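Work through the exercises below with the sequence and the model open. Try each task before reading its solution.

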Amino acid sequence: MAIAACVSSVAGPVRADQIKVLILGDSVASVLRWSPPSMKALWKRPYAVTLEVWGCQKLVDPGCLEGKVAQPSALDLLRKHRNEKFDIVIVATGYNDTGASYLQTSIRRVHAETSRQGAQLIWLTYRENGNVKIKARAFNKVVKTQAKKLNFHVLDWATISMRQKHW
């Protein structure tokens with residue numbers, strides 16, 4: 001529901017037509033594929049949601065090998081949908097990437113492509129937990145800094161998920 005609230009705030013008042021949303025995510029976001037009936041409203045009016053959520057997804061580099069083929073990056077998947085005229089692109093991936101400077105460059109590239117497509121960008125911060133706590137904290141600083149510089153929206157997933165110890 002946090003994503004729905006954020007999408008609503010970016011999209012503004014509900015339009016007669018559907019708001020087209022592309023969600024790019026890794027294995028964390030892939031659970032959206034098996035969402036319970038209570039979440040199905042997110043996939044219907046006023047939203048038309050396309051999920052590109054796959055395990056081992058990286059932002060701009062190929063992901064894990066599946067057989068002999070590498071999983072496409074989030075940027076590749078965004079480009080694949082170039083002609084679909086999305087209103088909003090949500091990025092919930094990057095856990096498989098390394099380094100704050102890599103993340104900064106990746107954000108700029110994803111933002112440039114999103115802007116080229118005429119969509120608004122929402123980037124989820126990274127959950128600060130377990131063995132990725134330090135990395136996620138550094139990544140979240142980069143996300144927030146880039147959001148101010150590039151003028152895109154941030155959904156603070158780190159804060160939302162912090163209260164959910166069972167996740």
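**Exercise 1. Place Arg116 and Glu113, then find what joins them.**

Step 1. Locate the pair. Arg116 and Glu113 both sit in helix α3 (residues 100–116), three residues apart, about one turn of the helix. Helices here are DSSP runs of H or I with at least four residues, strands are runs of E with at least two, and both are numbered from the N terminus.

Step 2. Note the ground rules. The model is predicted, so local features need pLDDT of at least 70 and side-chain atom pairs pLDDT 80 or more, while totals for chains, interfaces and linings use all residues. Residues are numbered from 1 along each chain as its sequence is written, and side-chain values use heavy atoms, without hydrogens and water.

Step 3. Check the link. Arg116 and Glu113 form a salt bridge, with the closest N and O atoms 2.5 Å apart. The term requires a side-chain nitrogen of Lys or Arg within 4 Å of a carboxyl oxygen of Asp or Glu.

Step 4. Compare exposure. Arg116 is exposed at 57% relative accessibility. Glu113 is buried at 1%. The cut-offs are under 20% relative accessible area for buried and over 50% for exposed, with partly exposed in between (1.4 Å probe, protein chains only).

Step 5. Widen the view. A network of salt bridges links Arg82, Glu113 and Arg116.

**Exercise 2. Which residue meets Lys80 in a salt bridge, and which parts of the chain does the pair link?**

Step 1. Name the partner. Glu52 meets Lys80, at 2.9 Å from N to O.

Step 2. Place both ends. Lys80 is in helix α2 (residues 74–80) and Glu52 in strand β2 (residues 47–53). The two are 28 residues apart, so the pair links distant parts of the chain.

Step 3. Check the surroundings. Lys80 is exposed, with a relative accessible area of 55%. Glu52 is buried, at 5%.

Step 4. Count. The structure has five salt bridges. Another of them joins Arg137 and Glu128 at 3.5 Å, N to O. Arg137 is partly exposed at 38%, and Glu128 is partly exposed at 31%.

**Exercise 3. Describe how strand β5 is covered and paired.**

Step 1. Count the buried residues. In β5 (residues 88–92), five of five are buried.

Step 2. Split the strand by face. In a regular strand, side chains alternate between the two faces of the sheet. On one side of β5 are Ile88, Ile90 and Ala92, on the other Val89 and Val91, and all are buried.

Step 3. Find the neighbours. β5 runs parallel to strand β1 (residues 19–25), joined by five bridges. Four bridges join β5 to strand β6 (residues 120–124), also parallel. Pairing needs at least two DSSP bridges between the strands.

Step 4. Pick one position. Val91 stands opposite Leu24, and its bridge partner in β6 is Trp123.

Step 5. Trace the path. β5, α3 and β6 form a right-handed β-α-β unit. With the strands pointing away from the viewer, a right-handed path from the first strand over the helix to the second runs clockwise.

**Exercise 4. Where does Tyr95 lie, and what does Tyr95 touch?**

Step 1. Locate the residue. Tyr95 is in the loop between β5 and α3. Tyr95 is partly exposed, at 21%.

Step 2. List contacts (heavy atoms within 4.5 Å). Beyond neighbours within four places in sequence, Tyr95 touches several residues, including Asp26, Thr125, Arg127 and Trp157.

Step 3. Look at one partner. A polar atom of the Tyr95 side chain lies 2.9 Å from the backbone nitrogen of Arg127.

Step 4. Compare chain and space. Tyr95 and Ala136 are 41 residues apart along the chain, with 8.0 Å between their C-alpha atoms.

Technical notes. A polar contact is a pair of N or O atoms within 3.5 Å; within protein, one must be able to donate a hydrogen and the other to accept it, and residues adjacent in sequence count only if both atoms are side-chain atoms.
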